[in-house]
Amino acid sequence: MPSNDISAYINRLAKEHTLSAPELLQLLQNSSETSDRLLFEHARRQAQQIFGKNVYLRGLIEFSNYCRNDCLYCGIRRSNKNVSRYRLTPEDILTCCRAGYKLGLRTFVLQGGEDFAYDDQKLTQVISSIKKQHPDCAVTLSAGERAPHIYQQWHNAGADRYLLRHETADAGHYGRLHPPELSLQSRLECLYSLKEIGYQVGTGFMVGSPWQTDENLVQDLLFIKKFRPHMVGIGPFIPHHDTPFSAFPAGSVQLTLRLLAILRLLLPEVLLPATTALNTLSAKGHQLGILAGANVIMPNLSPQDVRAKYTLYDNKRSTGSEAAEGIASLKAQLAEIGYSVPVSRGDAPGVLS
C-alpha cells in the first residue's frame, strides 16, 4: 500500500478517533519508520493536549503469587512447582503504602494471582485501612475474576479502580492461551460488572502472544474502542521458562509502541501505561512508551525480598527506574524527554477524586 495512504489513515485517526477494521489492519500491516514517526507524533500531541507533559505514577504492590488458575503463558500458574510462593500480610501492604506515600505516590495498585486464601473479607479490610491512612490516595485492584458482589464489596470499602486484561477479544484465541475452565465470556462479564458498579476500569492484552494474528489485534482495538475503559495496559509477550510457551518468541517492542499510539488516538482520554514488560525488553522502554502516547508508569513498591518471586515472565525488571526506590532516576529519565511527575492520583479525565 502506498505510504501516502497510510499517512492519510493516521491523519484521519488523529482527527476522528476511529478507523474501520480493514483500515486498522492496513495500518498494522503496512507501517514503516516514516509512518510510525507520524503516528507517534500525533499520539504524543494528543496526550499532551489532555494531560500536559505529565506522567502519573502508581505504586505496584504484588501481594500474592498464589494463583488458582493455570494460564499457559504465566510464570505463577498453578501447576508451576518451581515458584517460591508468598503472601504479604495486611501490615506488609500498609508498610509499602506508607513508604510509597513518602515518595509522592498517590495511587497504590494491589496486584496478585487469583488467590482465594486472600479472601474477599481480608482484602476488604486492607482496602479500608489504606483509605483510612491515606484518604487522598486511589486504590487500584488487580485480583482477577470474582463474583459481582465481591467487586461491589471492595468498591464499597474504597477501591477506586480495577485492572482486568481481557488478553484477547477472539474466543478461539483465548482458548489457546488459557485452560478450559476459563472463558472469554466470563472475562467480559467481569469487565462489564466492574464498569456497572462504578470502578474506573482497565483492560488490555499482550502483544505477540502465541498464535496472535493481526486480525486478532484489530479485534482487540475495536473491543477496547467499544468498551471505553478508563485505562488500557498492553505490553509485549515475554515467555517464561517454566510454562508451555517457553519456546515462543517475545513480542515486538515496535509493534507495542505502534499499538500504544493507536490506542491513544482511538481513546484520547485513556490512561495508558508504559508497562514493565516494555521496559524489560527495551532499556528505554519507559521513554519510548511516553513518546508514543503513554502517560502512566507503575514503579514496584513490593518488598524487595519478594519481587523476584512474582515472575509472570522471564527477566522481569524490578530494580532501577522500575523500582520505587528508583523514582529519582525515573524522574530524571522523563525530564530528559521534557516530562515531569506530579504528586497526583492521576484520575481519568472527568472522574471526581
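**Note on the predicted model: strands, core and polar contacts**

1. Strand β6, spanning residues 200-207, is mostly covered, with eight of its eight residues buried. The model under discussion is a predicted one. Strand β6 runs parallel to strand β7 (residues 231-236), and six bridges join the two. Within this pairing, F205 has I234 of β7 as its bridge partner. The chain passes from β6 to β7 through helix α9 (residues 214-227), and this β-α-β crossover is right-handed.

2. On β5 there is also a parallel pairing with β6, made through three bridges. Here L163 has G202 in β6 as its bridge partner. Strand β5 itself covers residues 161-163 and runs parallel to β4, to which two bridges join it. In that pairing, L141 is matched with Y162 of β5. The unit formed by β4, α6 and β5 is a right-handed β-α-β unit.

3. Strand β4 deserves separate comment. Five of the five residues of β4 are buried, so this strand is largely enclosed by the rest of the structure. Which residues point which way from β4? A138, T140 and S142 point one way, while V139 and L141 point the other way, and all are buried. Strand β3 (residues 107-112) runs parallel to β4, with five bridges between them. T107 stands opposite A138 of β4. The connection from β3 to β4 goes through helix α5 (residues 120-133), and this β-α-β crossover is right-handed.

4. On the nonpolar interior: in soluble globular proteins, nonpolar side chains tend to be buried together. In this model the largest nonpolar core has 99 residues, of which I93, L110 and W154 touch the most other members. Helix α10 supplies the largest share of this core, ten residues. Leaving aside residues up to four places away in sequence, L110 touches I61, F63, I93, L123, V126, I130, T140, L141 and S142. A second, separate core has nine residues, including L60, V109, M231 and V296.

5. On salt bridges, the count comes to 17. One of these pairs D36 with R258, whose closest N and O atoms are 2.8 Å apart. D36 belongs to helix α3 (residues 33-51) and R258 to helix α10 (residues 253-266), so that distant parts of the chain, 222 residues apart, are linked by the pair. Are D36 and R258 buried or exposed? With a relative accessible area of 3%, D36 is buried. R258 is buried as well, with a relative accessible area of 12%.

6. A further salt bridge brings together the side chains of R187 and E145, at 2.7 Å from N to O. R187 lies in helix α8 (residues 184-197), whereas E145 lies in the loop between β4 (138-142) and α6 (148-157), so the pair ties together parts that are 42 residues apart in sequence. Both R187 and E145 are buried.

7. The side chains of D347 and R345 also meet in a salt bridge, with an N to O distance of 2.8 Å. D347 counts as buried at 14% relative accessibility, and R345 counts as buried at 11%. Which residues are joined with D347 and R345 into one network? Salt bridges that share partners join K131, D160, R161, R345 and D347.

8. On cysteines, the structure holds zero disulfides. A disulfide is a covalent bond between the sulfur atoms of two cysteines. Why is C67 not bonded to C71? The closest cysteine sulfur to that of C67 is in C71 and lies 6.3 Å away, which is too far for a bond, the cut-off being 2.5 Å. C97 is likewise in no disulfide, and the nearest cysteine sulfur, that of C96, is 6.8 Å away. As to exposure, C67 counts as buried at 18% relative accessibility, and C97 counts as buried at 0%.

Key. Residues numbered from 1 in each chain as written. Predicted model: local features only at pLDDT ≥ 70, side-chain atom pairs only at ≥ 80, totals over all residues. Heavy atoms only, no water. Buried < 20%, exposed > 50% of the residue type's maximum accessible area, 1.4 Å probe, protein only. Salt bridge = Lys/Arg side-chain N within 4 Å of Asp/Glu carboxyl O. Helix = DSSP H or I, 4+ residues; strand = E, 2+ residues; numbered from the N terminus. Core = buried A, V, L, I, M, F, W, Y, C linked by side-chain atoms within 4.5 Å. Contact = heavy atoms within 4.5 Å. Pairing = 2+ DSSP bridges. Right-handed = clockwise from strand over helix to strand, strands pointing away.
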